[in-house]
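Welcome, and please load the model in your viewer before reading on. We will go through it one selection at a time.

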Amino acid sequence: MGTIDLHLHTTASDGTETPENTVRLASKLGLRAIAVTDHDTCAGVRDAQSAGREYGVEVLAGVEFSTDYLGRHAHLLGYLIDPDCPALEPALNWAVTERDERNEKIVGLLRRDGFEISIEELKRENPDAVLGRPHIARWLLGKGYVRSVQEAFDTMLAEGMPYYLPKGRIPMQRAVSLILQAGGVPVLAHPLQYGYGEEELQNFLNAAVTWGVRGFEAVYSEHSPEQESFLRAEAARRGLLITGGSDWHGSGKPAIRMGEGMRGLNAEYSMVEALRAARQSAE
Ligand code: AMP
Ligand code: FE
Ligand code: FE
Ligand code: ZN
């Protein structure tokens, strides 16, 4: 197992463990450094960093923006950002509003079909979270309507399913520039998870670099060894850094283990050093 994990979700977004518990587990696992990369929020970063000082784990500030690239999803990681940077605030607040409006509509569809779910109950069960589909999926699991969170997505909440509704996403270029304004290092999250063909993928990677992306997440739970090597090479020939993380969500995604992913994670401490160097060179 590696010694770092740079892609973790806490209860601030759709993970199941608080920032503090996340750090405690990282310390128990012997991880040297982690990054908290909640979806469209930095709300867990400060708590995780103070826990990090207590437990002796280096905690990098992070965020994972849900962005739009030519009408498709693209996740963008921002490392070493200033979590209190005012430049981020409007975009983060907008993302919460978009999710809230969509949650209400999804809950409305479910209620129409006889599910007695309510936003109030979701808020009660997830007091500090930016609510989204995973919380609805967990409610369905808790009530016994599905056997797993995955089944809730596959049969009800994923794109193309009856309770899916789209939400607004900020353009990728804008998210890159916000991360740079917040003093962070923009990195493309899991670049092979968006379903691009060979040529489209190259266009996507090139556009990201043109806009200021400094690295690719080459090491990832769902990457095969070939996919990891491919992304390491794509980053190297562009002079970019690479990062690695599991995308752990606690028990929300039980197949993924912190620091290990699904079958071991080759995330090295040098990735943290590369991020720090990239940040310095931007100053
Ligand atoms: P939302 O922000 O409400 O659109 O929810 C997105 C989150 O749901 C992602 O960050 C994942 O954690 C999870 N998710 C999205 N699609 C799936 C899927 N097909 N299966 C399992 N989890 C998913
Ligand atoms: Fe998630
Ligand atoms: Fe992601
Ligand atoms: Zn993630």
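Start with ligand 1 and its side-chain partners, keeping in mind that this is a predicted model. Select K253: an N or O atom of the K253 side chain is 3.2 Å from an oxygen atom of ligand 1. Now show the surface: of the 490 Å² of accessible area that ligand 1 has on its own, the protein covers 79%.

Next, add R102, where a polar side-chain atom lies 2.5 Å from an oxygen atom of ligand 1. Then pick H249, which places a polar side-chain atom 3.1 Å from a ligand 1 oxygen.

Widen the selection to the full set of residues around ligand 1: D14, H39, R99, R102, G132, R133, P134, Q150, F153, K167, H249 and K253. Colour them by class, and you will find six charged, four polar and two nonpolar residues. Switch to cartoon view and highlight α3 (89–112), α5 (133–142) and α6 (149–157), each of which supplies at least two residues of this shell. If you display pockets, the largest pocket is the space taken by ligand 1.

Now move to the metals. Which residues coordinate the iron ion (ligand 3)? Select E64 (OE), H75 (ND1) and H190 (NE2), which do so at 2.1 to 2.2 Å. Along the chain, these donors follow the spacing E-x10-H-x114-H.

Stay on E64 and bring in the zinc ion (ligand 4): E64 bridges it and the iron ion (ligand 3), and the two ions lie 3.3 Å apart. Finally, trace the backbone: E64 sits in strand β3 (residues 58–69) and H190 in the loop between β6 (185–188) and α8 (198–211), so this pair ties together parts that are 126 residues apart in sequence.

Note on methods. Residues are numbered from 1 along each chain as its sequence is written. Chains are lettered from A and ligands numbered from 1 in the order in which they are written. This is a predicted model: local features need pLDDT of at least 70, side-chain atom pairs count only at pLDDT 80 or more; totals for chains, interfaces and linings use all residues. Side-chain values use heavy atoms; hydrogens and water are left out. A residue is near a molecule or strand if one of its heavy atoms lies within 4 Å of it. A polar contact is a pair of N or O atoms within 3.5 Å; within protein, one must be able to donate a hydrogen and the other to accept it, and residues adjacent in sequence count only if both atoms are side-chain atoms. Accessible areas come from the Shrake-Rupley method with a 1.4 Å probe; for residues, only the protein chains shown count as cover. On a 1 Å grid over the protein atoms alone, a cavity is a set of points where a 1.4 Å probe fits but cannot get out, and a pocket is an open set with protein on both sides within 12 Å along at least five of seven lines; lining residues have an atom within 4 Å of a point. A molecule sits in a cavity or pocket if more than half of its atoms lie within 2 Å of its grid points. Helices (H or I, at least four residues) and strands (E, at least two) are DSSP runs, numbered from the N terminus. Ala, Val, Leu, Ile, Met, Phe, Trp, Tyr, Cys and Pro count as nonpolar, Asp, Glu, Lys and Arg as charged, and the others, Gly among them, as polar. Donors are N, O and S atoms within 2.8 Å of the metal (3.2 Å for Na, K and Ca); water is not among the atoms, so sites may look incomplete.
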